[in-house]
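Grab a coffee and open the viewer. Below are a few exercises, each with a worked solution that you can follow step by step.

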Amino acid sequence: MTGLLRPDQLNDITIAADDAKMDEERKERERKLKQKKDLEDAFMSQDLHPEVSERVNAAVRRAAELGHHQIEVMRFPASYCNDGGRRINILDPEWPQSLEGFAKRAYEFYTREMKPLGYKLHCEIVSFPGGMPGDVGMFLKW
């Protein structure tokens, strides 16, 4: 027969359980940070698809058939902008200068290929978690 657990043993059990829980929470935080960093790295290095024109044509055609005059072409965290989305949030005419990575390449494609055809591009902050700029929505209009 085993004896009863002593209070100091129970204290050790509690400490060990708390340590294990804190270690698991730390690992989860690290995993989420790595995932967030990997997503940002992918966004920053992503290039336009070789069939971008065909894809855009298909998307705007579908939208027009549904009677729409704009489509959201991209959504990304405001933190991916070099100013955290501030220029976009205040509708600064120089907001395109805040774009980085894939968003910048998409904007360059728009100015080179689509703007001359009469398309317009609008960016806005579409979410405000905790009162701060969250996601940027990029909308193509016609």
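**Exercise 1. Find which residues lie nearest the centre of the largest pocket, and work out which elements line that pocket.**

Step 1. Start in the middle: of the 19 lining residues, Leu48, Val52, Val56, Val73 and Ala106 lie nearest the centre of the largest pocket. A quick word on terms: on a 1 Å grid over the protein atoms alone, a pocket is an open set of points where a 1.4 Å probe fits, with protein on both sides within 12 Å along at least five of seven lines, and lining residues have an atom within 4 Å of a point.

Step 2. Now go to the elements. Helix 2, strand 1 (70–77), helix 4 (101–114) and strand 3 (135–141) each give two or more residues to the lining. Helix 4 has the largest share, with five residues. Helices (H or I, at least four residues) and strands (E, at least two) are DSSP runs, numbered from the N terminus.

Step 3. Sort the lining by class: 15 residues are nonpolar, two are polar and two are charged. Here Ala, Val, Leu, Ile, Met, Phe, Trp, Tyr, Cys and Pro count as nonpolar, Asp, Glu, Lys and Arg as charged, and the others, Gly among them, as polar.

Step 4. Add the volume: about 360 Å³ of space lies in the largest pocket. That volume is the space filled by probe spheres set on the grid points, which are joined across faces, edges and corners.

Before you go on, keep in mind that this is a predicted model, where local features need pLDDT of at least 70, side-chain atom pairs count only at pLDDT 80 or more, and totals for chains, interfaces and linings use all residues. Residues are numbered from 1 along each chain as its sequence is written, and side-chain values use heavy atoms, with hydrogens and water left out.

**Exercise 2. Take Val52: is it buried or exposed?**

Step 1. Place it first: Val52 sits in helix 2 (residues 52–65).

Step 2. Check the accessibility. Val52 comes out at 18%, so it counts as buried. The cut-offs are under 20% relative accessible area for buried, over 50% for exposed, and partly exposed in between (1.4 Å probe, protein chains only).

Step 3. For a sense of distance, compare Val52 with Asp23: they are 29 residues apart in sequence, and 45 Å separates their C-alpha atoms.

**Exercise 3. Work out the strand order in the open sheet.**

Step 1. Look for pairs, meaning strands with at least two DSSP bridges between them. Strand 1 and strand 3 pair antiparallel over seven bridges, and strand 2 (residues 120–125) is joined to strand 3 by six, also antiparallel.

Step 2. Pick out some partners. Ile71 stands opposite Leu140 of strand 3, Met74 has Met138 as its bridge partner, and His122 has Phe139.

Step 3. Put the order together: the three strands run 1-3-2. Strand 1 and strand 2 are the edges, each pairing on one side only.

Step 4. Check how covered things are. In strand 3, five of the seven residues are buried. Over in strand 1, Met74 is buried as well, because its relative accessibility is 9%.

**Exercise 4. Count the salt bridges, then say what the pair Arg105 and Asp47 ties together.**

Step 1. Recall the idea: side chains of opposite charge can pair when their charged atoms come close. The rule used here asks for a side-chain nitrogen of Lys or Arg within 4 Å of a carboxyl oxygen of Asp or Glu. That gives ten salt bridges.

Step 2. Begin with Arg26 and Glu30, whose side chains meet at 3.0 Å, N to O. They are four residues apart in helix 1 (residues 7–45), so about one helical turn separates them. Arg26 is partly exposed at 33%, and so is Glu30 at 42%. Both belong to a salt-bridge network with Asp23 and Lys27.

Step 3. Move to Arg105 and Asp47, which meet at 3.9 Å, N to O. Arg105 is in helix 4 and Asp47 in the loop between helix 1 and helix 2, so this pair ties together parts 58 residues apart in sequence. Arg105 is partly exposed at 24%, whereas Asp47 is exposed at 53%.

Step 4. Finish with Arg112 and Glu113, a salt bridge at 3.4 Å, N to O. Glu113 is partly exposed, at 39%.
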